[in-house]
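Subject: Structure for you to look over

Dear colleague,

I am handing over the structure we spoke about, with its sequence, so that you can look at both before reading my notes. Please open them alongside this message.

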Amino acid sequence: MIKKFEIKSHDGPGRIGKLDGEKTPRLFYKGDLKIAPSQGSAYNIDKEIARFNLKETLKLALENVDECDAAVIQGSKYLDLRIECLKQLEEMGYNIFIIANGDELLTNPRELVDIVVNLRKNAHPSSMLIFTFAESSFMPILTYMGIDGFLTDASNYYSHLNVLQTPTKAYDLNIYKIYDEISPEELEKKNVECLEFVISEIQTHMDNGSLRNLVEERSTTSPQNISTLKILDKKYMDFILEYNQLF
């Protein structure tokens, strides 16, 4: 069940496109995608276990290729396994991919950059990459690296942890008593609203050719964020310059 996805333009490596007529990068809500089942894999495990889980994921994806329109890229912390998974899923006919272990990747900037950039470089241009559990402050740089979408399930995940998302920071409400009293449902709604604002902010900056400005602004919001940008610039400048406009 392939969805039609086409790229219209770039702002740096970030891609402006359309998925079945809807602008990307975008948010995906529950029910927007039918994701093929996969064999979940912890991030920091032995490679042989990760390889076994990868094979099971590919088997499940193949069995469900006629009913599903998205598949999960497994492979734990191993870049070669992630790329292998992507390429085999593309051969099956999938063009929308969920990057597993998003929450753990955010705490490992070097591996985050290596995995996202190399998946983008190895994926077909018409293949869409979707990130899971993204903190809102990370969404601009993830988009800049070539991520095309984000799952709103992150709002439920962070509300379960009693964390409030804002465009620049995630607040643990057990420590920062911003609200005297707030229910999990109210917190999840606020987190969804934050994601919606940030994706609109990203789209507007991309329309104006200023996504890099937003990325640099948000890079100051956390040590992990600034490390991610520094690693990206130092290690993958050729990738960035390939798509940058000349003035």
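Below I go through the sheets, then the aromatic rings, and lastly the cysteines.

Please keep in mind throughout that this is a predicted model.

**The antiparallel sheet**

Near the start of the numbering, three strands make up an open sheet in the order 1-2-3, with antiparallel pairing. Its edges are formed by strand 1 and by strand 3 (22-24), each of which pairs on one side only. On average, and with direction ignored, neighbouring strands of this sheet are turned by 20° against each other.

Strand 1, which covers residues 5-11, is paired with strand 2, residues 14-19, through six bridges in the antiparallel sense. To find the register, you can start from H10, whose bridge partner in strand 2 is R15, or from S9, which stands opposite I16 of strand 2. The two strands form a hairpin with two residues between them, and in that turn G12 has a positive phi of about 65°.

On its other pairing, strand 2 is joined to strand 3 by three bridges, again with the two running antiparallel, and here G17 stands opposite T24 of strand 3. Strand 2 and strand 3 also form a hairpin with two residues between them, where the turn residue D20 has a positive phi of about 50°. As for its surroundings, strand 2 is mostly covered, since five of its six residues are buried.

**The parallel sheet**

A further open sheet is built from five strands in the order 4-8-7-6-5, and the pairing in it is parallel. Strand 4 (26-28) and strand 5 (71-73) stand at its edges with a single partner strand each, so one side of each is left without a neighbour in the sheet. Neighbouring strands of this sheet are turned by 35° against each other on average, direction ignored.

At the strand 5 edge, three bridges connect strand 5 to strand 6 (residues 96-99), the two running parallel, and A71 stands opposite F97 of strand 6. Helix 2 (residues 79-92) packs on the sheet, where it touches strand 5 and strand 6, and its direction makes about 160° with that of strand 5. Helix 4 (residues 109-122), in turn, lies across strand 5, strand 6 and strand 7, and runs at about 155° to strand 7.

**Aromatic rings and the charges over them**

The structure holds three aromatic pairs. In one of them, the rings of F133 and Y157 have centres 4.5 Å apart and planes at 45°, so this pair counts as tilted. The pair links distant parts of the chain, given that F133 belongs to the loop between strand 7 (128-131) and helix 5 (139-144), while Y157 lies in helix 6 (residues 153-160), 24 residues apart. Are these two rings buried or exposed? The answer lies in between: F133 is partly exposed at 26% relative accessibility, and Y157 is partly exposed as well, with a relative accessible area of 25%.

Another of the pairs is that of Y171 and Y176, whose ring centres are 5.3 Å apart and whose planes are at 80°, so that this pair is edge-to-face. Y171 is partly exposed, at 23% relative accessible area, and Y176 is likewise partly exposed, at 39%. There is also a cluster, in which ring pairs link F133, Y157 and Y158.

Two positions combine a ring with a charge. The charged end of R26 sits over the ring of F28, 4.1 Å from its centre, and K169 lies over the face of Y171, at 5.5 Å from the ring centre.

**Cysteines**

How many disulfides are there? With a disulfide taken as a pair of cysteine sulfur atoms within 2.5 Å, the count comes to zero. C85 shows why: the closest cysteine sulfur to its own is that of C68, 14 Å away, which is too far for a bond. C85 is buried, at 0% relative accessibility, and C194 also counts as buried, with a relative accessible area of 7%.

With best wishes

Definitions and conventions:
Residues are numbered from 1 along each chain as its sequence is written. This is a predicted model: local features need pLDDT of at least 70, side-chain atom pairs count only at pLDDT 80 or more; totals for chains, interfaces and linings use all residues. Side-chain values use heavy atoms; hydrogens and water are left out. Two strands pair if DSSP finds at least two bridges between them. Helices (H or I, at least four residues) and strands (E, at least two) are DSSP runs, numbered from the N terminus. Rings of Phe, Tyr and Trp (its six-membered ring) pair if their centres lie within 6.5 Å; planes under 30 degrees apart count as stacked, over 60 as edge-to-face and the rest as tilted. Buried means under 20% relative accessible area, exposed over 50%, partly exposed in between (1.4 Å probe, protein chains only). A charge sits over a ring if NZ of Lys or CZ of Arg is within 6 Å of the ring centre and within 35 degrees of the ring normal. Axes are lines fitted to C-alpha atoms, for helices over the stretch in contact, and angles run from 0 to 180 degrees between N-to-C directions. Contact means heavy atoms within 4.5 Å.
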